Amino acid sequence: MTTIIIDGRCFKTKERAHEYLAQKLSFPSYYGKNLDALYDVLTSYGEPTCLRIRYPASITGNLGKYGETLLRVLADAEKENKNIKVERE
């Protein structure tokens, strides 16, 4: 299983959050940079991958409700796709 470290302190804006995730997770160029697209890409991930989220409080601190929803999307994708595991530190 590949482990990818996600630094919540990098989530300063919605746009930066999606750019950061796209880069860290090697999303395809057509990634729509929104929460629906995030869910779609993660639920179709084929390789076993652990997303280790460091500083998750920074995500909600910087993005408010959007950050809460983003974290929920990650959790929902984990439930849907057996290849995705989400850990918070």
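What covers the buried residues of helix 3? I kept that question at the top of my page and worked towards it.

**Ground rules**

I am looking at a predicted model, where local features need pLDDT of at least 70, side-chain atom pairs count only at pLDDT 80 or more, and totals for chains, interfaces and linings use all residues. Residues are numbered from 1 along each chain as its sequence is written, and side-chain values use heavy atoms, with hydrogens and water left out.

**The whole chain**

I found four helices and three strands in the protein chain. Both are DSSP runs numbered from the N terminus: helices are H or I with at least four residues, strands are E with at least two. Along the sequence I read the pattern β-α-α-β-α-α-β.

Next I looked up the overall dimensions. The C-alpha trace spans about 30 × 30 × 20 Å along its principal axes. I also noted that 42% of the 89 residues are buried, meaning under 20% relative accessible area, while exposed means over 50% and partly exposed lies in between (1.4 Å probe, protein chains only).

**The sheet**

I traced an open sheet of three strands in the order 1-2-3, with parallel pairing. Why does one side of strand 1 and of strand 3 lack a neighbour in the sheet? Strand 1 (2–7) and strand 3 (84–88) stand at the edges with a single partner strand each, so one side of each stays free of a sheet neighbour. Strands count as paired if DSSP finds at least two bridges between them; strand 1 and strand 2 (residues 49–54) are joined by six. On that pairing I spotted threonine 2 opposite threonine 49 in strand 2. A reminder to myself: strands of a sheet pair through backbone hydrogen bonds.

**Helix 3**

Back to my opening question. In helix 3 (residues 56–63), I marked Pro56, Ile59 and Leu63 as buried. Seen down the helix axis, these buried residues fall within an arc of 50°, so they line one face of helix 3; the arc is that of the directions from the axis to the C-beta atoms. My textbook note fits here: an α-helix has 3.6 residues a turn, so residues three or four places apart point the same way. On the other side of helix 3, Ala57 and Gly61 are exposed.

The cover over the buried residues includes helix 1 (14–24), strand 2, helix 4 (65–80) and strand 3, where contact means heavy atoms within 4.5 Å. Last entry: glycine 64, just after helix 3, takes a positive phi of about 60°.
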